[in-house]
Amino acid sequence: MRTLRALVMGCLVLVAAPVEADPAKKVFVLGVDGLDPDLIQSYMEQGLLPNIKKMVDKGHFKPLQTSMPPLSPVAWSTFITGMDPGGHGVFDFIHRDPATLFPTRAESGVRPGENVSVGECKQFPLPWPLADEGGPENLRQGRAFWQILEEHDIPTTVYRMPANFPPVESPGKSLSGMGTPDIRGTPGTFSFYTDRFIPDASSFTGGEVYPVRVEEGHVRSTSKSKQVKLYGPQKPFLDLSTAECRKKNELECKESREPECGKLLEVPFDVYVDADRPAAMFYVQDTEFVLQQGEWSDWVPIDFEVLPVLGSVSAIGRFYLKQVRPDFELYVTPLQINPDNPGAMQISTPESWSHELCEELGYFYTQELAEDTKALTHGVLNGHEFWDQTQFVFDEQKRAFEHMLQGFDEGLLFYYFSSIDQNSHMLWNYMDPEHPGFLEDRQLQRGIESLYRDLDALVGRALEAVGKDTTFVIMSDHGFCPFYWQVNLNSWLVEKGYVTLLDPAKQGQTILFGNVDWSRTKAYAVGLNGLYVNLRGRERRGIVNQGREHEELLAQLERDLLEMVDPRNEQQVVTLVVNSRRDLHGPLAGSGPDLIVGYNWGYRSSWKSPLGEFPKQVFEDNTQPWSGDHSVDHRHVPGVLISNRPITLEQPALYDLTVAILDEYGVPKPEEMIGEDCLGD
Amino acid sequence: MFGSKIKIDPDLLKKIKMYAKIAGYSSPEEFITHALEKEIAQLEEADSEEEIKKKLQGLGYIS
């Protein structure tokens, strides 16, 4: 049998036509997360985007059909592989583990290593070759288009492509983007040190508040040790794998009052407040610096010692002295994987490339989305401070952009910008008087417009740099719409009888499906758009039989979802339902949510529902600073396709662009890709 | 064996008795104990709720 297969494979290799790709051919893809076709059109008509208009006048501009759901990890995975979620297996930001029903990150995860328990809640990680050491894992399936190009000897440079952490193997240069964690292994956790009492601090997400006191000018922690500390990854020798050990750790934590319960690697630092002026002196390992009130530090390297002499984990962070008096307030960015020395956390191919970039550009943000939206959400940064922080991120990205353009001599260059997406999420309520969270601010109401104008200047620079023989594509993964109203989809499932709660009186008081009676629950929602059937043989406590019962339930759910009406305004709430196995392509179509819910314009899944909460109301206004969004019916939020080449399809889609990029080099479409070439000569 | 009585659906109990014998358990109780121990170990190995929250809630899209 093995011989026969080898023979068949050999024949296939002989039959496949050789492709002579031309490495001298240049293709530049400028990927701008969240770039919206309606806003582009409107700003162009107002004369605000002269360079993009020039490109559109000479070339072509069309909305780019995005993925369903139109979420960045899904959409970028679609562009990367030329497949829909049925092929690449990324259906949302969040999936769920059918064994535990706990939510998990969709596009990247951590493969657990093996540890030997040495008693007393201590462990020792087993090194290779005794065991697989574990580590971060890219969960996206399928080949990336730049891997295919490299197979044809086309040199590629891929800068901060989302949904590519750790970066897939490639002889080309690539730097990971969205999906890359901070040093703690989270999407980003800021630190806020203050002597002000913040009543809701324990409910902060994406950040931690550490209480301090200023004693004779010295900023001290309220813990027993009094040391103010920065926190890194979990201590590798602390065994918290059992409930007993977690309990023991909690008791020790109460005793020491140590933040983070002593679970994380720590670096103490000192801050002395100036007696007269609003300023402070900082001592962070070997770095000393002074900050005035309202001033940001540059990047500060921080090394967390794992074992004396043997090794450390290297991070970088920036400090912002928000206020000195009457309350002391210090913000520290999520600590980044140090690009100069990422250690075991590979963020680039070749591994040395992030170090080389650091040598040339200085330190830079490596965390997946560097704009600190959580700090604004929790009021740790105000709108203007958030804007300054995002401008710093944008400036870093602009410096890297110039560097990439200057070195772009051949092959493919992909470059990614995050600023328009993140600011469209956070500043929408400043430009939209209809928004329930509308705020008036003369500077911030023009924030999004200002970023589009900055992008236009970059396009002008790129047009000069790349020359007319280069195929130049500006594209985005999705557009934007306002987020006016929240839908608690899990609460709606309760209301319709699909979910039964163990104690209805406790509705809204638990997370992670804590109050669900699985023996009487037919369907549940996880993530921003995913809806799952509690299927027997798949879910741990499934009750719906596979086959006809499953299909009938899906049909009923689809009908009910499309009939959902917001009683407050009589609007239809859901305008599209995708049945994954019916509507998607590829072997993984059945491995994600059974249904993908496409909300109407202005609606979105609530803040609570995606992680299995059941608030009492189904519909609520959204008054959060996160005020623009795109996790809706994909037809409401297409992306952008602008090119100096003709766009040959009436309705081009993300997966068509993948095929088109290969075709620029004469590389035929692989069998698994579902699109068509959408660019002419 | 059990400190308190646990009600089990009669059909399920029938299956437990049958499969306990096939799988070589000395009694249905031993089979049930083994199955529950396995289930608890799986839950204990999973990240705590707090850790799951921390890993996911940094995403801007959820709170």
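In this predicted model, the centres of domain 1 of chain A and domain 2 of chain A, taken over C-alpha atoms, are separated by 32 Å. The contact between the two draws 17 residues from domain 1 of chain A and 16 residues from domain 2 of chain A. On the side of domain 1 of chain A that touches domain 2, two elements give two or more residues each: helix H9 (373-377) and helix H11 (419-431) of chain A. The largest share, five residues, is supplied by H11(A). By residue class, this side of domain 1 of chain A comprises seven nonpolar and ten polar residues, with no charged ones.

As for how the chain is divided, the domain assignment builds domain 1 of chain A from the segments 22-68, 141-159, 368-478 and 637-681, while domain 2 of chain A spans 484-631.

It is worth turning next to helix H2 of chain A, which covers residues 37-45. Within this helix, A:Pro37, A:Leu39, A:Ile40 and A:Tyr43 are buried. Viewed down the axis of H2(A), the buried residues fall within an arc of 160°, so they line one face of the helix. Helical geometry offers a helpful background here: an α-helix has 3.6 residues a turn, so residues three or four places apart point the same way.

The partners of this face can also be named. The buried residues of H2(A) pack against two helices, H3 (50-58) and H12 (447-466), and against two strands, S2 (60-64) and S37 (639-643), of chain A. After H2(A) comes A:Gly47, with a positive phi near 75°.

Technical notes:
Residues are numbered from 1 along each chain as its sequence is written. Chains are lettered from A and ligands numbered from 1 in the order in which they are written. This is a predicted model: local features need pLDDT of at least 70, side-chain atom pairs count only at pLDDT 80 or more; totals for chains, interfaces and linings use all residues. Domain bounds come from an automatic or database domain assignment. Two residues are in contact if their C-beta atoms, placed from the backbone, lie within 7 Å. Helices (H or I, at least four residues) and strands (E, at least two) are DSSP runs, numbered from the N terminus. Ala, Val, Leu, Ile, Met, Phe, Trp, Tyr, Cys and Pro count as nonpolar, Asp, Glu, Lys and Arg as charged, and the others, Gly among them, as polar. A residue is buried if 20 or more other C-beta atoms lie within 10 Å of its own, exposed if 12 or fewer, and partly exposed in between; C-beta atoms are placed from the backbone. The arc is that of the directions from the helix axis to the C-beta atoms.
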